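Trainee: Could you take me through one part of this structure closely? I would like to look at the salt bridges and at where the two chains meet.

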Amino acid sequence: MSTDKLIVAGKPYGSRLLVGTGKYRDFDETRRAIEASGAEIVTVAIRRTNIGQNAGEPSLLEVLPPSKYTILPNTAGCYTAQDAVRTLRLAREILEGHALVKLEVLGDAQSLYPNMPETLAAAKTLVAEGFQVMAYCNDDPIMAKQLEELGCVAVMPLASLIGSGMGILNPWNLKIIIDRVRVPVLVDAGIGTASDAAIAMELGCDGVLMNTAIAKAKDPVRMARAMKLAVEAGREAFLAGRMAKKPYEASPSSPEGGLIQKSA
Amino acid sequence: MSAPIKVTLNGAPREFPAPLTFTQLLDELALAGRRFAVERNGEIVPRSRFAEARLADGDRIEVVIAVGGG
């Protein structure tokens, strides 16, 4: 298992679970949940600082130091390629030259569905500027392929709407993407509980990114641990290769011979 | 004594005594020891320029940090 690494932009990671850092009660819960998840890559958002209101308060990057975690700045809340690029340039400045980023360009505030033309445009600019782009996208194999061709280091199709917890609504599309795209495919958005994460990994996804499923569980730390185990179990099951489904063919697991009630 | 500099800082109008460098501005904001980035009129102001670069009247300044997000 130790040799089974997730490779993103040439860098190996032991955990295939990536987690967001939003929606927690406080930084202490954030820290404990993320530790329990075993995640090495954690997403952050870029926002205006509250001028004059945060002196002395801890900051997220003190709770989750870049020396310990790979920080993945996102473009959540951006609706145009221009805003997304601008946000990630600022993120690179905050993180002192850090290149790995999560691109998401949203289409509307109700569905948070990705705007793919803007996502593709932003990806093109970001790749040209030396960013390593992990792109949130719809579960359209053609879009995923185009993101790969533009030079994205990972594609991250949604399982269902961001924050919906509805699980994997179209496993067949995900499977097509997994089969056609060579860069890592991570399910991003829509995971609700551990079985969703396991199913994503059993399909052959390279990883899973989630936030709300952990942060909004009744016990986020416990759910973080559940997700860690689910991702590991799903990955192991994928690598082990599941048995064939045989809908009309039962097969006993115990020997058919040697039954005591059978007369000789 | 020159007129104060009027800037928009994270969306809000602010006035500071002139002349004002980015280092002076950031000292006022008590961001010492934090990771942040600064943008002036849509362009990044690199850390290396904080000491010398001066703010001008009408500048739109953004100071951003990393926060929790998914």
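Mentor: Happy to! Let's begin with a single side chain: at 34% relative accessibility, A:R89 counts as partly exposed, because the partly exposed class runs between the 20% and 50% limits. Keep in mind that this is a predicted model.

What does A:R89 pair with? A:R89 forms a salt bridge with A:E129, and the closest N and O atoms are 2.5 Å apart. This pair links distant parts of the chain: A:E129 sits in the loop between α4 (116-128) and β7 (132-137) of chain A, while A:R89 is in helix α3 of chain A, 40 residues apart. A:E129 is also partly exposed, with a relative accessible area of 27%.

Now for the place where the chains meet. The contact takes 31 residues from chain A and 27 residues from chain B. Between chain A and chain B, the buried area is about 2500 Å², and carbon and sulfur atoms give 56% of that. Three residues deserve your attention here: A:R48, A:I51 and A:E93 supply 25% of the area that chain A buries against chain B, more than any other three residues.

A:R48 is worth following further. A:R48 forms a salt bridge with B:E62, with the closest N and O atoms 2.7 Å apart. Strand β5 (residues 60-68) of chain B holds B:E62 and strand β4 of chain A holds A:R48, so the pair joins two chains. The partners differ in their surroundings: B:E62 is buried, with a relative accessible area of 14%, whereas A:R48 is partly exposed, at 43%.

How many salt bridges run between chain A and chain B? The count is three, and there are 11 residue pairs in polar contact between these chains, with both residues at pLDDT 80 or more. On the side of chain A that touches chain B, the elements giving two or more residues are β4 (41-48), α2 (60-63) and α3 (81-94) of chain A. Of these, β4(A) gives the most, with six residues. Sorted by class, that side of chain A has 12 nonpolar, 10 polar and nine charged residues.

Stepping back to the whole structure, there are 18 salt bridges over all chains. One of the others is in chain B, where B:R49 forms a salt bridge with B:E52, the closest N and O atoms being 3.4 Å apart. B:R49 is partly exposed, with a relative accessible area of 36%, and B:E52 counts as exposed at 54%. In chain A, you can also pick out a network of salt bridges that links A:D28, A:R31, A:R32, A:E35 and A:K68.

One more stop, if you have the model open: helix α6 (residues 171-180) of chain A. Which of its residues are buried? They are A:N173, A:L174, A:I177 and A:I178. These four cover an arc of only 140° around the axis, which puts them on the same side of α6(A). As a rule, an α-helix has 3.6 residues a turn, so residues three or four places apart point the same way. The face of α6(A) turned away from that buried side carries the exposed residues A:W172, A:D179 and A:R180. What covers the buried residues of α6(A) includes α5 (141-149), β8 (154-157), β9 (186-188) and α7 (194-203) of chain A.

Terms used. Residues are numbered from 1 along each chain as its sequence is written. Chains are lettered from A and ligands numbered from 1 in the order in which they are written. This is a predicted model: local features need pLDDT of at least 70, side-chain atom pairs count only at pLDDT 80 or more; totals for chains, interfaces and linings use all residues. Side-chain values use heavy atoms; hydrogens and water are left out. Buried means under 20% relative accessible area, exposed over 50%, partly exposed in between (1.4 Å probe, protein chains only). The arc is that of the directions from the helix axis to the C-beta atoms. Contact means heavy atoms within 4.5 Å. Buried area is the accessible area (1.4 Å probe) that two parts lose on being put together, summed over both. A salt bridge is a side-chain nitrogen of Lys or Arg within 4 Å of a carboxyl oxygen of Asp or Glu. A polar contact is a pair of N or O atoms within 3.5 Å; within protein, one must be able to donate a hydrogen and the other to accept it, and residues adjacent in sequence count only if both atoms are side-chain atoms. Ala, Val, Leu, Ile, Met, Phe, Trp, Tyr, Cys and Pro count as nonpolar, Asp, Glu, Lys and Arg as charged, and the others, Gly among them, as polar.
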